[in-house]
Amino acid sequence: MDRKTFLKTAGAGAGYMLTPSVITSCVNDGISSSDLYQNPLQLPGGLDSDILQAAPSNLMIAGKYSLDGLRFNESLPGPTIRKRRGEHFQIQFQNDIGQESIIHWHGMIVPPEMDGHPKDVISDGSYSYDFQINQRAGTYWYHPHPHRITGPQVYRGLAGFFIVTDEEEEVLNLPSGEYELPLVIQDRKIDDSGNIYYDPSMPERMMTGYLGDHMLINGVPNPYHEVHPRTYRLRLINGSNARIYNIAFRSRTPFTVIGTDGGLLPQPVQTTELLLAPGERADILVDFSDGFSGNSAELVSKEFSVPSNGGMMGNMSQMMGGAGPEQGSEFPLMEFRINCDSSSSSTVDLPPQLSESNFPAEESAVRTRRIELDMEMMTGHTINGRLFEMLRVDEQINQGDTEIWEFINNSAVPHPMHIHAVQFKVLSRSGSRGLLPTETGWKDTVLVMPGERVRVIMTFSAEEGLYVFHCHNLEHEDAGMMANLEIV
Ligand SMILES: [Cu+2]
C-alpha cells in the first residue's frame, strides 16, 4: 500500500476528519466513534509465575490476521511484571522457541550476567535471572537480545512491560488500576491473505528498517477502549522495530508528559505532540473530561519530518523505503470512547515538582566520547566505523566515572541509540529540534536524527563487566549496529 492509499483508507471512517469547532466537556453530540476502530483493546495480565517461557504459537489477531507468533507465557504482549524498588526479582527464562535467545530488561540497571548480553544466549533449556530492583519507579520493558535475530523475535511477539513502583511516585496518587493503561505500539506488515509477516528486503535491512503498514497496540489492530471522563495515565512503549511515532490526539488536545524511560520527569510538561522512537517510553496523563469534541478521543501519529542528511543517501533511503507508510507519515493509532454518562469524574492535582532528579553536572564529566554513526555501502550501519563483534571491547569505562557521549549521525536515517547499564540525561541536540519534553528526564534511549549531534551525560555505577550499546532500530541492531562497553 502506498502512502496515499494508506491515508485514504485511514481517513475513511465517519467524522474524524472534521475539525472540532466547539470544544465541549463530554457531551454526546453525535460526533462519535469511527468505523475504523472495531477491536477492543487488550491489556496484558500480570506475571504470576517464576518461569517466563518463550514458545511458538500460531495466533489469530482480531479474528482475521494470522501470526506465526512467539509468546511469553502464552500472552501477547508478555505478562506485565510489577515490582517495587528494593524487591528481589527472580525468574527462570525457559527458551522453547527453537533458536537462540536471551532476555534483556530494557532500562533496568542489573549485573552484567543478568543484562541479556548476546554472548549469554541459550538455544534451549533455561537461564536464571536474579537481581535486586534498585532504581527509580518507571515504565521499563523486556524483550529478547540475541545477536542478528532480535528483530524477528520481538516482531513475532516477544516483549512485555516491566513496571517499577516506589514511594516517591506513590505519594503523587497518580491514576491507577483501570485508570492506568500500559500501551505498547508496534507496526506490522500484513499480506493480502491476512498473514502478519517479517521479511525485510535488502534496503529495509540496510536503510530504513522494517516499517509496517498496520499499527497494533498491545497486539490489537485499530483498537478502541472505553474510558470515563477523567484523567488517565498512559504508559506508552514504542515496541516497534523501526517506526517512530509522533504521539498526538487528532483534536490536538494537549496532554501532560510526566515520565519517560527512567521514570518521572522533574516537572510535568504539557504538549500536543511527542516523538517516540523505538525503545523509548512516555508516561502521559490525559484528561478525557476536557478538550475533546464529542465522545471520541483519537490517538494518532502526527506527521513529522525526517531531516535529509544531504544528497544521494537521503534520496536513496526515500526511494528504497518499504511498502508501509514512510517514516513520518500521519496515521491513526487508537480511539478512546468517552462514556459521558459515567460519573467517575476525577482530575489529578499534580505538584509543580514530580520527582527529585540529581543529574550529573557537565563539569563532573571526566571525558567526552565521540560515537560516530555511519552508513557504508558494503558494510551497512556502523558505530565508529565498525560492526558488532561479540567480545571485542569497544569502550572501556572506569566504574563510577561520569562521561559525556556525543552521538554524531552522519547517515541518512534516524538512529535511536540505547545504552545498557545506565540512565542518562540528554544535554543538547544540534539543529532546530531542541530537546523533547521526555528529554527533561532520565533516558536510556535517545533519537539521533540524520545530521544531528546529540550529547548525553551519565555516571557508570553498574557492576563491572561487559554490556552493550546499540541502535534500537532492530534491523540496524541485527545487522551489527551494536558495540560493547566494559565497566572496569
Ligand atoms: Cu539505527
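1. pLDDT is the predictor's confidence in each residue, on a scale from 0 to 100. The structure discussed here is a predicted model, and its protein chain has an average pLDDT of 91, with 89% of the residues scoring at least 70.

2. Two stretches call for caution. Residues 1-24 have a pLDDT below 50, although the model gives this stretch 32 contacts beyond near neighbours in sequence; residues 311-315 also fall below 50, and that stretch has 6 such contacts. Where pLDDT is low, the predicted coordinates should not be read in detail.

3. One open sheet is built from 6 strands in the order β1-β14-β22-β21-β16-β19, and its pairing is mixed. Its edges are formed by β1 (39-40) and β19 (273-276), each of which pairs on one side only. At the β1 edge, 2 bridges link the strand to β14 (residues 223-227), the two running parallel, and Asn39 has Pro223 of β14 as its bridge partner.

4. Another open sheet, also of mixed pairing, holds 5 strands in the order β25-β32-β31-β27-β29. Because β25 (395-397) and β29 (445-448) each have a single partner strand, they stand at the edges, and one side of each is left without a neighbour in the sheet. From one strand to the next, the twist averages 25 degrees.

5. Within this 5-stranded sheet, how do strands β31 and β32 run, parallel or antiparallel? They are antiparallel, with 6 bridges joining residues 465-471 of β31 to residues 482-487 of β32; Leu466 stands opposite Glu486 in β32. In general, strands of a sheet pair through backbone hydrogen bonds, in either a parallel or an antiparallel arrangement.

Key
Residues are numbered from 1 along each chain as its sequence is written. This is a predicted model: local features need pLDDT of at least 70, side-chain atom pairs count only at pLDDT 80 or more; totals for chains, interfaces and linings use all residues. Two strands pair if DSSP finds at least two bridges between them. Helices (H or I, at least four residues) and strands (E, at least two) are DSSP runs, numbered from the N terminus. Axes are lines fitted to C-alpha atoms, for helices over the stretch in contact, and angles run from 0 to 180 degrees between N-to-C directions. Two residues are in contact if their C-beta atoms, placed from the backbone, lie within 7 Å.
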